[in-house]
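Here are my notes on this model, in numbered points. Please read them with the structure open.

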Number of protein chains: 2
Amino acid sequence: MSGPTLDANTAISAEERQRERDAIFQRCERFLGTHGRPRLRATLEALAREAGEDEADDIYGSGALIEGFEHEIAGLLGKEAAVFMPSGTMAQQIALRIWSERMRCATVAFHPTCHLEIHEEKGYEFLHGLRSRLVGAPHALLTLDNLRGVREPIAALLLELPQREIGGQLPEWDDLVAQTAWAHERGAAAHMDGARLWEAAPYYDKAYAEVAALFDSVYVSFYKGIGGISGAALAGPTDFIAEARIWLRRHGGNLRSLYPYVLAARAGLRERLARFPAYHERAVRIARVLTSIPGIAVTPDPPQTNMMHVYLRGDIEQISDAVVAIARDERVLLFRGLRSTALPGYCMFEISIGDAAEELSDDEIHDYFTRVMAAGSDS
Amino acid sequence: MSGPTLDANTAISAEERQRERDAIFQRCERFLGTHGRPRLRATLEALAREAGEDEADDIYGSGALIEGFEHEIAGLLGKEAAVFMPSGTMAQQIALRIWSERMRCATVAFHPTCHLEIHEEKGYEFLHGLRSRLVGAPHALLTLDNLRGVREPIAALLLELPQREIGGQLPEWDDLVAQTAWAHERGAAAHMDGARLWEAAPYYDKAYAEVAALFDSVYVSFYKGIGGISGAALAGPTDFIAEARIWLRRHGGNLRSLYPYVLAARAGLRERLARFPAYHERAVRIARVLTSIPGIAVTPDPPQTNMMHVYLRGDIEQISDAVVAIARDERVLLFRGLRSTALPGYCMFEISIGDAAEELSDDEIHDYFTRVMAAGSDS
């Protein structure tokens, strides 16, 4: 490997260290989270097989492939129409902008850990001139009481199902009904950030359309649990989606062709939609294994979807090194993205359970994390 | 084929007619323009071969594949840095927004047929709050005299090379030097819309970096002459590109993975970059064949790139029907997108010459267009 040379103290740069770790992770063969390592060549070969013998490319949003898939998504969500987009960032800014224009109000309400607030460089403000009214505490689900504290007009209320930044928590069904009703009673739209809506199905045990029916517009994603490459859909009333297509063009998301993403989304949906209950069950079992080890806690406990946040007591550097050593020596990747927390002596990671966990037994998971925790308490 | 039923007059709907024509065009085997019909399965199989044995996917803009390609593009254009983006719409709005913020001026100058003005639903205004100062006449290249008429401050001057909406015309080199100098003398940035810059090389007979050196920022595209699927790059100074990455995230263009587009762009560039002089020569020969037929004119004459606008004297419906008949009966697609013009009795189409024209001889082209023109003058 090439890279910056070692400095006088033979300490390597952070960048070089990250590159080395990436290379180690890239060679892993088993994974606790995700659907496994995406292999470009195999993925593209599978897409070629997914393409019908004479399937034509989509051209700027037109064509049987993309229109057929949009129709399928609209049906699944019980909405009149849907539009495929390159990203959820686009889909949600566009949804909120449309509601804002219609309500003649620039204020939208969402949770402090909303994707728009923390992962999009405030595009909603810099591109759309929207203002956010944050609702609820960062570490908890928002409540009807929180909403009742909103005293100003809002164009829309965005609710994320499940809420990723708090481990994939879901409000109880009655709370969801009450919160969306609160928005509607104030003349505001209810928009669903359904980035992981597919993952939420086992918890509510309701059809997707039934959950979506509480909302005026819904965004769903195709590369998280579904395992596609990139891409999202926005669903809602016919006139709303027609307007969204204008904004999509403004955003630069009306691409010449989106077929690699559409094909991957279609294949992933057909392959994995029925598996989410199994992913959830596996996540619950894994949570039980992890919490049986002293110093490990998960949230939510038990997991409500296939994802959870895992808190580890111990030294973050030592834990991280132990995970890298296991990845290097046994080609097993337990997790990535270990982060420090506000609580001294604790670090945490996020994990989503998919196809890959089938390759790891409960006993192996127990053994690996026991080793990791032992390394983390060395000192 | 399914579709709406025939009405009482057995006239079919415009939508149904378009669908029928699309199906006919989809079955064509030879084409005057483009690189031929994209076949999804074959394209995806080729991409799978293009992917290295152990090539890893890009993750939100990081990874050797995308970073390596960006480095290659920056080098080709002689700029410090480049960023791959899903679309040129994004790339150019972002470039102008950055120059606007830096110059503390919301006005940008471009030609009335600029892509931003006519194909992007005015995203520059609706998303970025920019105002356009249009320069020059719609049917002609802009001139230094036109620019001298701009009396107000501008943040940037956008020049499109070649100018698609007037048949792919290119300013003479000295004019280009003078126009970009005009911008710089006024403290404005010069931005190149190089959607078809690859196609312009044979005309200037200069390295791409030499043309790009006149500009502060450059957008290039990978699916037109290059024959990729979608995607663009924005190139410029390091700090400018770092800022562009923030705006890319705001636009929703920082996708989970872009590798299908990057692989197609990389393969297309390697395969076709050296062919543009040949495409241009073929376009010049085709223009000569076409203009030898009474009632046909091309602009520019001779073509300066591989593209041209072709004007046909005759009835638009009859000409269109003749083209469809040839497509249906002989599986040869001469052109699509025939449009009426301001001049009564004339219609026009745009064509770009690529790999596909190799399958058609000059004599065949002459014969087909002679038949089309005969049909158009029937009455």
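1. Domain spacing. In this predicted model, the C-alpha centres of domain 1 and domain 2 of chain A are 28 Å apart. Domain 1 of chain A is built from two segments, 14-38 and 275-376. Domain 2 of chain A covers 43-271.

2. Domain contact. Where the two domains of chain A meet, domain 1 contributes 17 residues and domain 2 contributes 15 residues. On the domain 1 side, helix 13 (276-291) and strand 10 (307-313) of chain A each supply at least two residues. Helix 13 of chain A gives the most, with four residues.

3. Character of that side. Which residue class is missing from the side of domain 1 of chain A that touches domain 2 of chain A? There are no charged residues on this side. Its residues are eight nonpolar and nine polar.

4. Chain contact. Chain A and chain B each put 36 residues into their contact. On chain B, the elements that give two or more residues are helix 2 (40-50), helix 4 (88-103), helix 6 (123-126), helix 11 (238-251) and helix 12 (259-272). Helix 2 of chain B has the largest share, six residues.

5. Composition of the chain contact. The side of chain B that touches chain A holds 17 nonpolar, 10 polar and nine charged residues. Charged residues do appear here, whereas the domain 1 side in chain A has no charged residues.

6. Symmetry. How is chain B laid on chain A? A turn of 180° with a shift of 0.0 Å along the axis does it, at an RMSD of 0.0 Å. The two copies are therefore related as by a two-fold rotation axis. In chain B, B:L127 has the C-alpha nearest the axis, at 2.3 Å. Both copies use the same surface, as 100% of the contact residues of chain B recur in chain A.

7. Nonpolar core. The largest nonpolar core has 220 residues. Which residues have the most contacts inside it? They are A:L234 and B:L234. In soluble globular proteins, nonpolar side chains tend to be buried together.

8. Surroundings of B:L234. Neighbours within four places in sequence are left aside here. B:L234 then contacts B:A82, B:V83, B:M85, B:A91, B:I94 and B:A95. B:L234 is also in contact with B:S217, B:Y219, B:I241 and B:A244.

Methods: Residues numbered from 1 in each chain as written. Chains lettered and ligands numbered in written order. Predicted model: local features only at pLDDT ≥ 70, side-chain atom pairs only at ≥ 80, totals over all residues. Contact = placed C-beta atoms within 7 Å. Nonpolar A, V, L, I, M, F, W, Y, C, P; charged D, E, K, R; others polar. Least-squares fit on C-alpha atoms with pLDDT ≥ 70 in both. Core = buried A, V, L, I, M, F, W, Y, C linked by C-beta atoms within 7 Å. Buried ≥ 20, exposed ≤ 12 C-beta atoms within 10 Å, placed from the backbone. Domains from an automatic or database assignment.
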